[in-house]
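Below are my notes on this entry, set out as numbered points. They deal with the contact between the chains and then with a single residue.

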Amino acid sequence: MAVGKSIIRKEAWDKVTGRAKYTNDFKEQGMLHAKLVTSPYAHARIISIETHEALAAPGVRAVLTGKGLPLTGEDMRDRPPIAADKVRYYGEVVAVVVADTLVQAEQAARLIRIVYEPLPAVGSPREALKEGAPLLHEELDRYERNKTTYPEPGTNIAHRTKIRKGDIKQGFAESDVIIETSVSFAPSDHVAMETRCATAEIWPDGSIHISASSQSPFMIKRLIHTYFGEEAGKIVVHTPLVGGAYGGKAPVQLELLAYLATKAVGGRKVSVWNNRECDMVTSPVHIGLEATVKIGATKDGVFKAMEIVFLFDGGAYSDKAIDVSRAAAVDCTGPYHVEHVWCDSLCVYTNRPYATPFRSFGHCEQSFAVERAIDELAKVLQLDPWDVRRKNAIRPGHTTPTQVRLTKSNVGDMPACLDRLRELMRWDEWQRIELDAYTVRAKGISGGWKTSTIDTDSSSGVILTFNSDGSVNVISGVVEIGTGTKTVLAQIVAERLKMNVDDVHVKMDIDTQTTPEHWKTVASRGTFMAGRAALAAANDAIRQLKEIAACVLRVTPDDLEVGFGRVFLRDDPAIFIPVKDIAYGYKFPNGNAIGGQVIGRGHYILRRLTPLDPETGAGKPGPEWGVCAEGVEVEFNRRDYTYRIVKAYAVIDAGKVLNPKAALGQAMGAMSMGLSFASREGFLFDEAQRVLNPQLRTYRPIHFGEHPTYIVEFIETPQIDAPYGARGIGEHGLLGMPAALANALSLAAGVPLNELPLVPELIWRKQKGDSYGSL
Amino acid sequence: MEETTKCELVLHINGEQRTVITRQAETLLFVLRDELGLTGTKPGCLNGDCGACTVLVNGTPIKSCMMLAIETVGKEITTIEGLRDTPIQHAFVRHFAFQCGYCTPGFIMNIHALIEQHPNADQSTIQEWLQSNICRCTSYQEIEAAVKEALQAKKTDIQPSHNRISRV
Ligand code: FES
Ligand code: FES
C-alpha cells in the first residue's frame, strides 16, 4: 500500500513556500546575540585576555572566557568549550561576547585584547607522530574517558584501534605478489547550507530550554547534564527542521556556548549562530587521512592478506574522530573476503580544526585507500580490476575484519551489485579510449560496504496518537535533516495499519520533553531503529483497537483485523466498526463508555552488539552491512589536465526500497557530495596551519551544471529483522565515489593519483614531477 | 552608535507596503528576516557565494545579502512567501528537488525569474542562471528535471495536476 511508493515528503509544501522553519528562523523580541571571538593562531599559549573595553561597549551584556570551565568530549574529555590556557587550532573559540544585537556583539568583539605566545604547530598526522613533535595535550593521561578509548600519553595519539584477524605473516607468505599504496588528503568540511545555530534560556523554575540545529537533541540533554551537573529532567531541547547535516551536526558544541551564555546573563535567551567562516573552521570538520595499504594476493588476484595503517587527522580535539577512526578499522578491507588482516587505525592530534562524523563515517576514507590499492594490484597482475573485486567479493559465510560471521540477512549481495554495475557501465566494451589527440575517456570503479558503530545500547522510541477522525500522529525522535525519514516512518505505519498514508501525520519538530528518545539521527539507522519502534507502536495500537472493538462487536479480539479505517471480523468484513468511532474510546447508546484515546507506543534497542577487543578488534559493532558497487566515467584533457565527470554509477543493496524517489535522491545526493569532496574540496593550510579558504568562494563545492549524469539502481536483499527488509542507504552513494574517481583519473592520466582533492594541478604535478610519489 | 544611523524605509514586498525602521547599513536579507519576519529567505554565506538568500527585485534575482535594504526603496521585492502555486513549486515537489529544503527558496526564486524572463531557455541558459546557487543535499539532477518540467508547463500552459499532492 504505502511502502514501495514515492510518497511526497510530508513537509514538501512547507519547504517550497518558505514556511519551513529552521533554528535561526525563530526570532524573539529581547533575544540576545553572541559573537564568537576566535584564535588567529593554530597553536599558542594564551597570555592574557583583556575584556574591559568590550564590556563597556554599547549593548554588551556579558563577555565569556574559558576560565574554570569543565572539559568536554564524548569519548574523551579533552576539549574546553572555550579555550583557556592555550589554543590548539586556527578558529578555536577564545571568548564569547553577548549583546543586544549581533552588530553590537561584533563591534565589541573587536575591542577584546588577547595576547598570545605562538607555539610550533603540528600539520599532519605523520608530522604529529615524529619524534620530538610538539605535544598538543600534555595532560593526555589525566583526561576522563570511556572504557573503549585508548590514548597514548606522551604522544599525539588520541586512540588506536587494532584489528588482528588470522595470521598476517602467513598471509603474506602465501602471496605471489605484494603491493603497497599510500594515500592522503587534508581535512575538509560538511558545508551544510544552514550554518549551525543554538539558542538557550533558563526559566525562573530552573528549567533549561535549548533550541539547536542538531542531529543529537537527546545527546545535548545528556551532555549538559554530564558536564555541568544540571538535572537531565530539567533540560528541554527543541530541534526544528535541520538544513543539512551530513554528520556535521552530530557533535555538541554551540549548544554548550549558548548554555554558558544564558547563564551569564541571568537566563535571558541567547542565540549563538555561526557565520560561514566559523561554521567551516571553528565548528568540527570532515576528517583528514594519511594511510598505507599493503595487499598480498595470488597471481590470480585472490587476496591473501591486508595490512593497513590509517593515520586519521583528528585535529585538535578527539570529539567523535576517535569513533570515525574505529569505524574505518572495523570495515578496513572493504567488501572483500580477506583471511589475514592486520590494521592499526590511529586518531592523531594535529593543530587543525577538530574532526567529527562526515556522511559515510570513515568509509569513503577507508575505501579511497583500499580501492586505490586494489587497482594498483590489478595493474601489477595485469588483471581486470572488476574481476579482482568480483573474485574477492564478500558473501554470507565469510567473516568481517572484526570476526563477525556474515549471514544472508546481515550482509547485502556484493556479487550482484558488481555484476549489475558491470552491465550498466558497459565495462567490457572499454575502460579507456582516446577520443582525439588530447581527449581521453576512462572508467573507474569501487566497491563499498558499511556497518554502523554507534553505541551498543542505542535505542529509539515511537508514539502514535489517534485523532477523532481515525487519523494518526507519528511522534519520533528522528530529526528531519533532509533524508525524508519521517515520511518513510509514516509509510511504515500506514502499511502496518493498512490505512491511507495521507491520514498519517508526522510531527516534524523534536521536543525532548514530549518526543520519545532516538539516540542520534546518524549512521543511516533512522529507518531501521525508528522503523522497528514504529511497527511496535502500530502493533500496540492494533491491540488496543481490537480490544475496544471486541467489546462493541461482542467477539474476541483474535477474530478481528484492523485496516481500511475499520476494525472488522476476519471471516465477515461486513461486520465492523470504523476506527474513528473508537479512536477516542467508545460510547454505548446508553452513555456508558469504554477505552479512551488509542495511544500506541513502541521502542527498539540494538541487540547483541559488543565493543571491540582492544588487542584483536574482535567484536560485533553493528547489526548489518550494506554493500554497493560504484563507478565513474571521466573525460580527461591531456593538454591542460582538466576533466569532466561524465557519468556516475551506483548499485546499492537497499534491502527493500521503501520510497523510490526519496531513496534515489539519497543515493544521488550522496554521490554528488562524494564527487565534490574528491574533485575539489579540502582545506588549504599555510605553514602555521591557518586555514586559507574558509569561504564558499575559495572552498567551492560542486555547483549546478558541473554535475554528471547519475545512474542509480537498487538490489533488494532483505535484512530479515529490519522493517520490510530495508537497509540503510543514506551514505552508500558517497562512499565509493572518491575511489572510483581517482581510479578513473589514474587510468586516464596514466599515473597513480593517491591524493585528494583531484584538482588539475595535482594531476599535472604527479605527471610532471615525482611520478610515483604520494607522500 | 548604530542607533544614530537608523532610518525609516517604506518597502514594497510581495504586493504589500511595509514600513521598517532599521540601520542604514542593513542588508535586505536581514531586514526581510529580522524586521519583517520573512524567514523563507535564508542566510548561507553573507558573501554572495551560495544563493540561498535570493529574492526578486523588480523581477530580477538578487542575492539579498549583497544589497542594502535602502537601495530597494521604490522597487518591487518578491520573496518566496510571495510565490503561490507556481509551476516551479509544483515541479520541485514532484521531482523531490530538495531534501533539507534550506537552499530551496533561493533556487525557486531564481528559477521562477528564469522562467518568466526566458520561457524558451535552453540548456546553457539554465546552466548560466543556476550556477549561482549551491545545493548540498541533492545531485542537481532532480533540480534540472524540475526546471525543465516547469518550463514545459509554462510553455504549454498546462497547469500541473494537483490531485496527488496533499496540501495544507
Ligand atoms: S547568503 Fe547571500 S549568497 Fe549566500
Ligand atoms: S536541499 Fe539541502 S541544500 Fe539543497
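1. In this predicted model, chain B uses 55 residues to contact 60 residues of chain A. The area buried between the two chains is about 5000 Å², with carbon and sulfur atoms contributing 58% of that area. On the side of chain B, the residues that lose the most area to chain A are B:F96, B:Q99 and B:R136; together they account for 18% of what that side buries.

2. Polar interactions between chain B and chain A comprise 25 residue pairs in polar contact, counting pairs with both residues at pLDDT 80 or more. The count of salt bridges between these chains is five. A:D25 and B:R33 form a salt bridge, in which the closest N and O atoms are 2.8 Å apart.

3. Several helices of chain B take part in the side that touches chain A: α1 (28-35), α2 (87-94), α3 (104-117), α4 (123-130) and α5 (141-156) each supply at least two residues. The most comes from α2(B), which gives five residues. Sorted by class, the side of chain B that touches chain A holds 23 nonpolar, 17 polar and 15 charged residues.

4. A separate point concerns A:E635, which lies in strand β30 (residues 626-637) of chain A. Its side chain makes a polar contact with the side chain of A:R441, at 2.8 Å. Setting aside neighbours within four places in sequence, A:E635 is in contact with A:L435, A:T439, A:V440 and A:R441, and also with A:T642, A:Y643, A:R644 and A:V646.

Conventions
Residues numbered from 1 in each chain as written. Chains lettered and ligands numbered in written order. Predicted model: local features only at pLDDT ≥ 70, side-chain atom pairs only at ≥ 80, totals over all residues. Heavy atoms only, no water. Contact = heavy atoms within 4.5 Å. Buried area = accessible area lost by both parts, 1.4 Å probe. Salt bridge = Lys/Arg side-chain N within 4 Å of Asp/Glu carboxyl O. Polar contact = N/O pair within 3.5 Å; in protein donor to acceptor, adjacent residues only side chain to side chain. Helix = DSSP H or I, 4+ residues; strand = E, 2+ residues; numbered from the N terminus. Nonpolar A, V, L, I, M, F, W, Y, C, P; charged D, E, K, R; others polar.
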